[in-house]
Amino acid sequence: MAALSALDEGRTPERPVFREAVRSLLAVLAERAPGRSVEVRVPPYGAIQCVPGPRHTRGNPPNVVEMAPNTWLELATGRLGWAEAVTDGRVQMSGNRADLSAYLPL
């Protein structure tokens, strides 16, 4: 909540608060979409593998979703829609399994 409050006020959350919020919500996504076919990256705070399907084991994964921490918090909490984030270029994705709209908001 502290991270969201800071963003609502136009401030950048303190680094430890931001990191914890990102990692906590990534953990929830991993729980709700178990698997290893998509890598979700929110640099510099975290990355997970999730979504059922073929498992990726070496090299660059074929299905990648990457975004800024504030975008991830907005998507995960329903403050931003998936389609809008993709259209606005706030989410970079590759691969045919990279659409997370079925799993968001958390």
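**View 1. The largest nonpolar core and its best-connected members.** The largest nonpolar core of this predicted model has 29 residues, and V40, V65, W72 and L73 touch the most other members. Here a nonpolar core is a set of buried Ala, Val, Leu, Ile, Met, Phe, Trp, Tyr and Cys residues joined through side-chain atoms within 4.5 Å; buried means under 20% relative accessible area (1.4 Å probe, protein chains only). Two or more core residues come from each of helix 1 (2-8), helix 2 (15-32), strand 1 (38-42), strand 2 (46-50), strand 3 (64-67), helix 3 (69-76) and helix 4 (82-87). Helix 2 gives the largest share, six residues.

**View 2. The surroundings of V40.** Setting aside neighbours within four places in sequence, V40 is in contact (heavy atoms within 4.5 Å) with L26, L29, G46, A47, I48, C50, V65, M67 and L100.

**View 3. The order of helices and strands.** Four helices and four strands make up the pattern α-α-β-β-β-α-α-β along the sequence. Helices (H or I, at least four residues) and strands (E, at least two) are DSSP runs, numbered from the N terminus.

**View 4. Burial and the C-alpha box.** Of the 106 residues in the protein, 37% are buried. The C-alpha atoms fill a box of roughly 40 × 25 × 20 Å along the principal axes.

**Notes.** Residues are numbered from 1 along each chain as its sequence is written, and side-chain values use heavy atoms, leaving out hydrogens and water. In this predicted model, local features need pLDDT of at least 70 and side-chain atom pairs count only at pLDDT 80 or more, while totals for chains, interfaces and linings use all residues.

How values were computed: Buried means under 20% relative accessible area, exposed over 50%, partly exposed in between (1.4 Å probe, protein chains only).
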